[in-house]
Number of protein chains: 2
Amino acid sequence: MAEPEDLTARARIRDAAMQLFGEHGFEGATIRGIAEAAGVSSGLVRHHFGSKQALLEACDAHLVKLIRRLNDEALAGAGGNHVAAARIAVGPYQAYLSRALVDGGAAPLFDEMVRLGAQWLAAVDRTRPDAPDVAPEVRAAVSTAMALSITVLHEHVSRAMGVDVFSPEGDVLLARALIDLYSHPMLSAEDARKALDGIERHR
Amino acid sequence: MAEPEDLTARARIRDAAMQLFGEHGFEGATIRGIAEAAGVSSGLVRHHFGSKQALLEACDAHLVKLIRRLNDEALAGAGGNHVAAARIAVGPYQAYLSRALVDGGAAPLFDEMVRLGAQWLAAVDRTRPDAPDVAPEVRAAVSTAMALSITVLHEHVSRAMGVDVFSPEGDVLLARALIDLYSHPMLSAEDARKALDGIERHR
DNA sequence: GCTTCGACTACACAAGCGTATAGTCTGCTG
DNA sequence: CAGCAGACTATACGCTTGTGTAGTCGAAGC
């Protein structure tokens, strides 16, 4: 990322807003605080973005653009390893992503990730012996949420793991844990059948 | 749950606070709004809880007590089916749970869920052929986060699934999706080995 | 050289916030 | 009956908030 002093004031305000929105939430962050963090007057924030709500929307749009670019890069580069997808490095914007998802502002972003996940799922399904029990988009929705959970709950995951998941050591440990979890089914075939029977009986 | 008019004013205030904190976040919710939702004056909120911060802490404590009770019931009743654990029905408090987790207030709650998950994981490990690659507490942390992701991101999961995950139909669909996902490894043994080699090489 | 326009600041304003205080009402205790 | 404690309300006080307005400054265009 560029040095702060190299960015235009508009970009500096947006970056500061994403950090403070992520830290304190939309209501918790103040225009004056954002302006100070960006090194400008509070009036300039209004001059460039019009209102606090519009500033938030600009941040959302910026995040979508950013993630889309990261997605394209990852798709072109790593060849679509989905273990990496669970460790999305949105750099300094993780907190903002979490807030946006919980506040409900990141809906288009989530939907796009589901679309990407469904694509990959369809590829895996072709090499699968038994027919899946539920529609691909449903499984894609659930596994997308699970992939995002590491980012959204990174604070708690880090505390429970004893290492910051976004540090180099934490990243390696997390990757190994994900590989282990993803390569070992938590339910045996008979357990799955029993669980399904339980659902049918329950209805 | 009891009817609102049967509860003491203190309990009504706490319930209203949990709903509004969950809906609008800590800063977004107002004491006056909470008081109105509870049908009392704003002064009474202060009389019972002292401050907004203390009210939040009382809500956190109430949630911990509530989840602990639900956990005990589920453990005693269903026999420890962990598919059910991913569909924690915290009733009308789902939104509050999500906020608390993202705001960082629900740390003890998350930790307790990890402890419970680790316990169950240890049981599964005993019937596992190969030795796990990473420590149980790490895997427990990751799978706890994944289990919670459905609740935290329920809005997005529901939208992507086309059904509200907390409705009866959505619950069944979600359960079947989880059983399918949990009984089919996303990574084959060789894929896992390749991924692990990739990590080693990368270091 | 004068005008124009956009970046930018300083200051003012009304509204809403959490908090504080004074007081009322009710039921219990001696 | 008096006294008191606790639930509860009404109202007020600073303070911060988002927003609005007036004005400065510097560069580009004619």
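A polar contact of 3.2 Å links the side chains of His62(A) and Arg14(A); a polar contact here is a pair of N or O atoms within 3.5 Å, where within protein one must be able to donate a hydrogen and the other to accept it, and residues adjacent in sequence count only if both atoms are side-chain atoms. The model is a predicted one, so local features need pLDDT of at least 70 and side-chain atom pairs count only at pLDDT 80 or more, while totals for chains, interfaces and linings use all residues. As for bookkeeping, residues are numbered from 1 along each chain as its sequence is written, chains are lettered from A and ligands numbered from 1 in the order in which they are written, and side-chain values use heavy atoms, with hydrogens and water left out.

Back to His62(A), which sits in helix α4 (residues 52-77) of chain A; helices (H or I, at least four residues) are DSSP runs numbered from the N terminus. Its relative accessible area is 17%, which means it counts as buried (under 20% relative accessible area, 1.4 Å probe, protein chains only). Setting aside neighbours within four places in sequence, His62(A) is in contact with Arg14(A), Met18(A) and Tyr93(A), contact meaning heavy atoms within 4.5 Å.

Next comes the protein-protein interface. Here 62 residues of chain B are in contact with 63 residues of chain A. Together the two chains bury about 5,700 Å², and carbon and sulfur atoms give 73% of that; buried area is the accessible area (1.4 Å probe) that two parts lose on being put together, summed over both. Met146(B), Arg176(B) and Met186(B) supply 12% of what chain B buries against chain A, more than any other three residues.

The interface also has its charged and polar side. Ten salt bridges turn up between chain B and chain A, each being a side-chain nitrogen of Lys or Arg within 4 Å of a carboxyl oxygen of Asp or Glu. One of them pairs Asp180(B) with Arg128(A), with the closest N and O atoms 2.8 Å apart. Polar contacts between the chains come to 20 residue pairs, both residues at pLDDT 80 or more. By class, the side of chain B that touches chain A holds 38 nonpolar, ten polar and 14 charged residues. In that tally Ala, Val, Leu, Ile, Met, Phe, Trp, Tyr, Cys and Pro count as nonpolar, Asp, Glu, Lys and Arg as charged, and the others, Gly among them, as polar.

Then there is the DNA. Around strand C there are 15 residues, of which Ser41(A), Thr30(B), Arg32(B), Arg46(B) and Lys52(B) come nearest; a residue is near a strand if one of its heavy atoms lies within 4 Å of it. A polar side-chain atom of Ser41(A) is 2.7 Å from a phosphate oxygen of strand C, and a polar backbone atom of Ile31(B) is 3.1 Å from a phosphate oxygen. Arg32(B) goes for a base instead, placing a polar side-chain atom 2.8 Å from a base nitrogen. Helix α3(A) gives the largest share of this surface, four residues.

DNA strand D is likewise surrounded by 15 residues, the closest being Thr30(A), Arg32(A), Arg46(A), Lys52(A) and Ser41(B). Phosphate oxygens of strand D lie 2.4 Å from a side-chain N or O atom of Arg46(A), 2.8 Å from a polar side-chain atom of Ser41(B) and 3.0 Å from a side-chain N or O atom of His47(B).

Conventions
Helices (H or I, at least four residues) and strands (E, at least two) are DSSP runs, numbered from the N terminus. Buried means under 20% relative accessible area, exposed over 50%, partly exposed in between (1.4 Å probe, protein chains only).
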